[in-house]
Amino acid sequence: MCTKSELQTVLRDVKTVSEQLYGTMLNRIILYGSYARGDNTDESELEQGVFLSILLRDRKHFEENLDFLPFYQNIIKEGITIYGAPYSVYSRSAT
């Protein structure tokens, strides 16, 4: 389990490395799971999603299946955006 300070360091490092690797293709980074909900334990894993602008098919798949797949619903419901605009500001019909 990470302390809040350690978590902030990890998230900052992921953001920095992702920006360096992906540049303008980086769309957003979302922390999800128990750390985002605040109910993490010693057994919890740090779960993050890195979304790139070039993955249009994946975004379309994500949006088309959002109502059916609990994993996708949890990312939207519980996720904390680390980089980029929160997902909720995007229209589901946009590609």
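Colleague: Let's start with helix H1: what separates Lys15 and Glu19 there?

Modeller: About one helical turn, because the two residues are four apart in helix H1. Keep in mind that this is a predicted model.

Colleague: What makes Lys15 and Glu19 a salt bridge?

Modeller: The closest N and O atoms of Lys15 and Glu19 are 3.5 Å apart. The cut-off asks for a Lys or Arg side-chain nitrogen within 4 Å of an Asp or Glu carboxyl oxygen, so the pair qualifies. As background, side chains of opposite charge can pair when their charged atoms come close.

Colleague: Are Lys15 and Glu19 buried or exposed, and how do you know?

Modeller: Neither word fits. Lys15 has 29% relative accessibility and Glu19 has 31%. Buried means under 20% and exposed means over 50%, so both count as partly exposed.

Colleague: Why is Ser18, in helix H1, called buried?

Modeller: Its relative accessibility is 6%, and buried means under 20%, so Ser18 counts as buried. Leaving aside residues up to four places away in sequence, Ser18 touches Gly23, Leu26, Ile29 and Val50.

Colleague: How many salt bridges are there in total?

Modeller: The count comes to three. Arg37 forms one with Asp39, where the closest N and O atoms are 3.2 Å apart. Glu78 forms one with Arg37, with a closest N and O distance of 2.8 Å. That pair links distant parts of the chain, since Glu78 lies in helix H4 and Arg37 in helix H2, 41 residues apart.

Colleague: What makes Arg37, Asp39 and Glu78 a network?

Modeller: Salt bridges link these three residues: Arg37 pairs with Asp39, and Glu78 pairs with Arg37.

Colleague: Is Glu78 buried or exposed, and how do you know?

Modeller: Glu78 has a relative accessible area of 17%. The limit for buried is under 20%, so Glu78 is buried. Its partner Arg37, at 43%, is partly exposed, and so is Asp39, at 42%.

Colleague: Which residues make up the largest nonpolar core?

Modeller: There are six: Ile30, Tyr32, Phe62, Leu66, Tyr72 and Ile75. Strand S1 and helix H4 are the elements that give two or more residues to this core. Another core, of five residues, lies apart from it and includes Leu11, Leu31, Tyr35 and Ala36.

Colleague: And what pattern does the chain follow along the sequence?

Modeller: The pattern reads α-β-α-β-α-α-β, from four helices and three strands.

How values were computed: Residues are numbered from 1 along each chain as its sequence is written. This is a predicted model: local features need pLDDT of at least 70, side-chain atom pairs count only at pLDDT 80 or more; totals for chains, interfaces and linings use all residues. Side-chain values use heavy atoms; hydrogens and water are left out. Buried means under 20% relative accessible area, exposed over 50%, partly exposed in between (1.4 Å probe, protein chains only). Contact means heavy atoms within 4.5 Å. A nonpolar core is a set of buried Ala, Val, Leu, Ile, Met, Phe, Trp, Tyr and Cys residues joined through side-chain atoms within 4.5 Å.
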